[in-house]
Amino acid sequence: MLKKELINKVLDWADDKDALNEFIYDKQLMKVGEEVNELCTELVLTHKSLSSRGKVFSEAGDVIVTLIISDYLHTKDRDKTLENFLKIKFYTVKGAKHYTDLVLDLYIKYTDILFTWNMTKKFNLFAVKELLNTLNRIVINADSNLSYALSLAIEKNSKRTGKIVNGSFVKDEY
């Protein structure tokens with residue numbers, strides 16, 4: 001389950017960066033894809049190493065952040081975004097699904113989101129729910145939860161500096 005205060009923190013961070021006014025929806029959907037790819041890469045690289053769970057959780061949280069911002073950019077309504085994410089019912093399946101199946105699930109769900117947007121200009125909340133449930137399965141199998149993953153991403157992002165360039169947040173390089 002995602003917590004209301006965490007969703008609000010994501011929207012507050014995005015608002016502080018002026019992202020809710022400057023982001024371009026199509027580019028934000030590409031950012032979702034980048035974050036899905038980073039998570040999938042981390043899953044493949046660390047599937048045998050339990051010591052890298054924190055990085056997987058943080059990457060899962062980054063995917064959630066981008067989905068929340070994408071939903072807001074589509075609805076332009078904080079309350080509607082909160083409602084959309086708080087009403088999601090998560091599966092509590094814990095089991096031995098192979099990491100390659102989870103990676104494939106993530107890519108399929110992201111493709112569903114992107115395809116629906118390209119065809120209808122609608123945000124596919126069903127595919128978002130399914131993607132979040134795949135994320136949930138990943139973190140549950142590592143004895144954690146989505147709120148923890150989201151809190152890690154919020155903590156990491158709160159320290160990030162950067163600017164909006166052509167409708168997308170670009171991190172400052174150190």
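**Exercise 1. Three asparagines**

Is asparagine 8 buried or exposed? Place it, then treat asparagine 84 and asparagine 124 in the same way.

*Solution.*
Step 1. Asparagine 8 has a relative accessibility of 19%, so it counts as buried. The cut-off for buried is under 20%. The model is a predicted one.

Step 2. Asparagine 8 lies in helix H1. Set aside the neighbours within four places in sequence, and asparagine 8 is in contact with Arg78 and Leu82.

Step 3. Asparagine 84 sits in helix H5. Its relative accessible area is 4%, so asparagine 84 is buried. Beyond four places in sequence, asparagine 84 contacts Asp71, Thr75 and Leu125.

Step 4. Asparagine 124 belongs to the loop between H6 and H7. With a relative accessible area of 17%, asparagine 124 is buried. Not counting residues up to four places away, asparagine 124 touches Asp112, Ile113 and Thr116.

Step 5. Asparagine 124 and valine 10 are 114 residues apart along the chain. Their C-alpha atoms are separated by 20 Å.

**Exercise 2. The length and faces of H6**

What span should helix H6 have, and how far apart are its end C-alpha atoms? Then find which residues of H6 are buried.

*Solution.*
Step 1. H6 covers residues 99-120, which makes 22 residues. The expected span is 1.5 Å times one less than the number of residues. That gives 32 Å, and the end C-alpha atoms are 32 Å apart, so the two agree.

Step 2. List the buried residues of H6: Tyr99, Leu102, Val103, Asp105, Leu106, Lys109, Tyr110, Ile113, Leu114, Thr116 and Trp117. They cover an arc of only 165 degrees around the axis, so they lie on the same side of H6.

Step 3. Recall the helix repeat. An α-helix has 3.6 residues a turn, so residues three or four places apart point the same way.

Step 4. Turn to the other side of H6. Phe115 and Met119 are exposed there.

Step 5. Find the packing partners. The buried residues of H6 pack against helix H3 (25-46), helix H4 (53-75) and helix H7 (125-141).

Step 6. Look just past the helix. Lysine 121 follows H6, and its phi is positive, near 60 degrees.

**Exercise 3. Salt bridges**

How many salt bridges does a search of the whole structure find? Work through three pairs and one network.

*Solution.*
Step 1. The search finds eight salt bridges. Side chains of opposite charge can pair when their charged atoms come close.

Step 2. Take arginine 78 and aspartate 12. Their side chains meet in a salt bridge, at 3.0 Å from N to O. This pair links distant parts of the chain: arginine 78 is in helix H5 (residues 78-86), aspartate 12 is in helix H1 (residues 4-16), and they are 66 residues apart. Arginine 78 is partly exposed at 25% relative accessible area. Aspartate 12, at 37%, also counts as partly exposed.

Step 3. Take lysine 156 and aspartate 62. Their side chains form a salt bridge of 2.5 Å, N to O. Again the pair links distant parts of the chain: lysine 156 is in helix H8 (residues 146-158), aspartate 62 is in helix H4, and 94 residues separate them. Lysine 156 is partly exposed, with a relative accessible area of 27%. Aspartate 62 is buried, with 5%.

Step 4. Take lysine 159 and glutamate 155. The closest N and O atoms of this salt bridge are 3.5 Å apart. Lysine 159 counts as exposed at 59% relative accessibility. Glutamate 155 is partly exposed at 45%.

Step 5. Add the network. Lys31, Glu34 and Glu35 are joined into one by salt bridges that share partners.

**Exercise 4. The second largest pocket**

Which residues lie nearest the centre of the second largest pocket? Give its volume and the elements that line it.

*Solution.*
Step 1. The second largest pocket holds about 250 Å³ of space.

Step 2. Its lining has 17 residues. Nearest the centre are Trp13, Lys31, Glu35, Arg160 and Phe169.

Step 3. Assign elements. H3, H4 and strand E2 (168-171) each supply at least two lining residues of the second largest pocket.

Step 4. Connect this with Exercise 3. Lys31 and Glu35, members of the salt-bridge network, are among the residues nearest the pocket centre.

Conventions:
Residues numbered from 1 in each chain as written. Predicted model: local features only at pLDDT ≥ 70, side-chain atom pairs only at ≥ 80, totals over all residues. Heavy atoms only, no water. Helix = DSSP H or I, 4+ residues; strand = E, 2+ residues; numbered from the N terminus. Buried < 20%, exposed > 50% of the residue type's maximum accessible area, 1.4 Å probe, protein only. Arc of directions from axis to C-beta. Contact = heavy atoms within 4.5 Å. Salt bridge = Lys/Arg side-chain N within 4 Å of Asp/Glu carboxyl O. 1 Å grid on protein atoms, 1.4 Å probe; cavity = no way out; pocket = protein on both sides within 12 Å on 5 of 7 lines; lining within 4 Å. Points joined across faces, edges and corners; volume = space filled by probe spheres on them.
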